Amino acid sequence: MISTGFSKLDELTGGLIPGKLFLIIGHRGVGKSSFAYTIARSVLKQTTVHVWGECDLFSMRPPKGCRFYWRERCHVEALDALYRQVLPRPGLLVVDDVDHLACSRKPILFNPNIYTGTRLKRLAEDLNIPILLTSWLPCLLGSENNPAMQIDSIRISPYRRPGCAPAADTVVLLYRPSFDGGPEYPVELHIDKTPSGFTRQKIEFSFSTYKEIG
């Protein structure tokens, strides 16, 4: 197990487990990329990290020792083929976010993110590395201030965004009670799914430093 850098999160989810897909989800602008960046910085103290995406934090201030790949858009099949050849393999692969990956298939009856999530899950298993994936959650009517409703939308609507959720071993929802709290505004991390099954747990953070509160 690779620590996320947050003891409570590790305790509840088991951390970043080789062969498992760890999904961070939330509305646009809540801080998913920032949270992934914070975890990557912590993981770099333990092992190597590769990041695939377009997060400004990674491109402008890449943590020392982190290999960053920036692409306009990449097919998930190409990413899969690349990492089956890369040696040595990274200790953690970060994909920020699922919409950064396209699939060569032209799905008609299902969300392409279902295929993408399943493909990333299989890659994690075959290479025995953890993959950290971020995905945005559509702002459903009435769910803006209701994290429980957001979690329910993940569970009951797997064929809508985010279709990658069913494939993930761990699903955590990043939620901001308020966007007007200043630099130290609180953030809540609602843990919905772990490798042991579904659960509902909450951890509170200070956003600017991502320190666990309490």
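Is Phe35 buried or exposed? In this predicted model, Phe35 is buried, with a relative accessible area of 0%. Phe35 lies in helix H2, which spans residues 32–43.

The same residue takes part in an aromatic pair, and a search of the whole structure finds 1 such pair. The rings of Phe6 and Phe35 have centres 5.4 Å apart and planes at 20 degrees, so the pair is stacked; the cut-off for stacking is an angle under 30 degrees. Distant parts of the chain are linked by this pair, since Phe6 belongs to the segment before helix H1 (7–13) and Phe35 to H2, 29 residues apart. Phe6 also counts as buried, because its relative accessibility is 5% and the limit for burial is 20%. A further aromatic residue, Trp136, has Arg28 over its face, at 4.1 Å from the ring centre.

The chain as a whole contains 6 helices and 11 strands. Of its 214 residues, 54% count as buried. Among contacts in the chain with a separation of 6 or more, 64% are accounted for by residues 24 or more positions apart. The exposed area of the chain is about 10000 Å², of which carbon and sulfur atoms supply 52%.

In soluble globular proteins, nonpolar side chains tend to be buried together. The largest nonpolar core of the model has 29 residues, and the members that touch the most other members are Leu23, Leu79, Tyr83, Leu101, Leu120, Ile131 and Leu133. At least two residues of this core are supplied by each of strand E1 (21–26), helix H4 (76–83), strand E5 (92–96), helix H5 (112–127), strand E7 (131–136) and strand E8 (170–175). H5 provides the largest share, 5 residues. A second core, separate from this one, has 26 residues, including Ile39, Ala40, Cys66 and Val187.

Helix H5 also contains Tyr115. With a relative accessibility of 13%, Tyr115 counts as buried. The C-alpha atom of Tyr115 is separated by 7.5 Å from that of Cys164, although the two residues are 49 residues apart along the chain.

Strand E8 is mostly covered, with 6 of its 6 residues buried. In a regular strand the side chains alternate between the two faces of the sheet. Both faces of E8 are covered: the buried residues are Thr170, Val172 and Leu174 on one side, and Val171, Leu173 and Tyr175 on the other.

E8 pairs with two strands described here. E1 and E8 run parallel and are joined by 4 bridges, with Leu173 in E8 as the bridge partner of Ile25. E8 and E9 pair in the antiparallel sense over 5 bridges. Leu173 stands opposite His190 in E9, and Leu174 stands opposite Leu189 in E9.

Strand E9 (residues 186–194) has 8 of its 9 residues buried, so the strand is largely enclosed by the rest of the structure. E9 is also joined to strand E10 (residues 197–206) by 8 bridges, and these two strands run antiparallel. E9 and E10 form a hairpin with 2 residues between them. Thr194 stands opposite Gly197 in E10.

Several loop positions have backbone geometry that merits a separate description. Most residues other than glycine have a negative phi, and most peptide bonds are trans. A cis peptide bond joins Leu87 and Pro88, with omega at about -5 degrees; Pro88 lies in the loop between H4 and E5. Asp96 and Asp97 are likewise joined by a cis peptide bond, with omega at about 0 degrees, and Asp97 is located in the loop between E5 and strand E6 (101–102). Asn128, in the loop between H5 and E7, has a phi near 55 degrees, a positive value in a residue other than glycine. Asn128 counts as exposed because its relative accessibility is 51%, the limit for exposure being over 50%.

How values were computed: Residues are numbered from 1 along each chain as its sequence is written. This is a predicted model: local features need pLDDT of at least 70, side-chain atom pairs count only at pLDDT 80 or more; totals for chains, interfaces and linings use all residues. Side-chain values use heavy atoms; hydrogens and water are left out. Rings of Phe, Tyr and Trp (its six-membered ring) pair if their centres lie within 6.5 Å; planes under 30 degrees apart count as stacked, over 60 as edge-to-face and the rest as tilted. Buried means under 20% relative accessible area, exposed over 50%, partly exposed in between (1.4 Å probe, protein chains only). A charge sits over a ring if NZ of Lys or CZ of Arg is within 6 Å of the ring centre and within 35 degrees of the ring normal. A nonpolar core is a set of buried Ala, Val, Leu, Ile, Met, Phe, Trp, Tyr and Cys residues joined through side-chain atoms within 4.5 Å. Two strands pair if DSSP finds at least two bridges between them. Contact means heavy atoms within 4.5 Å. Accessible areas come from the Shrake-Rupley method with a 1.4 Å probe; for residues, only the protein chains shown count as cover.
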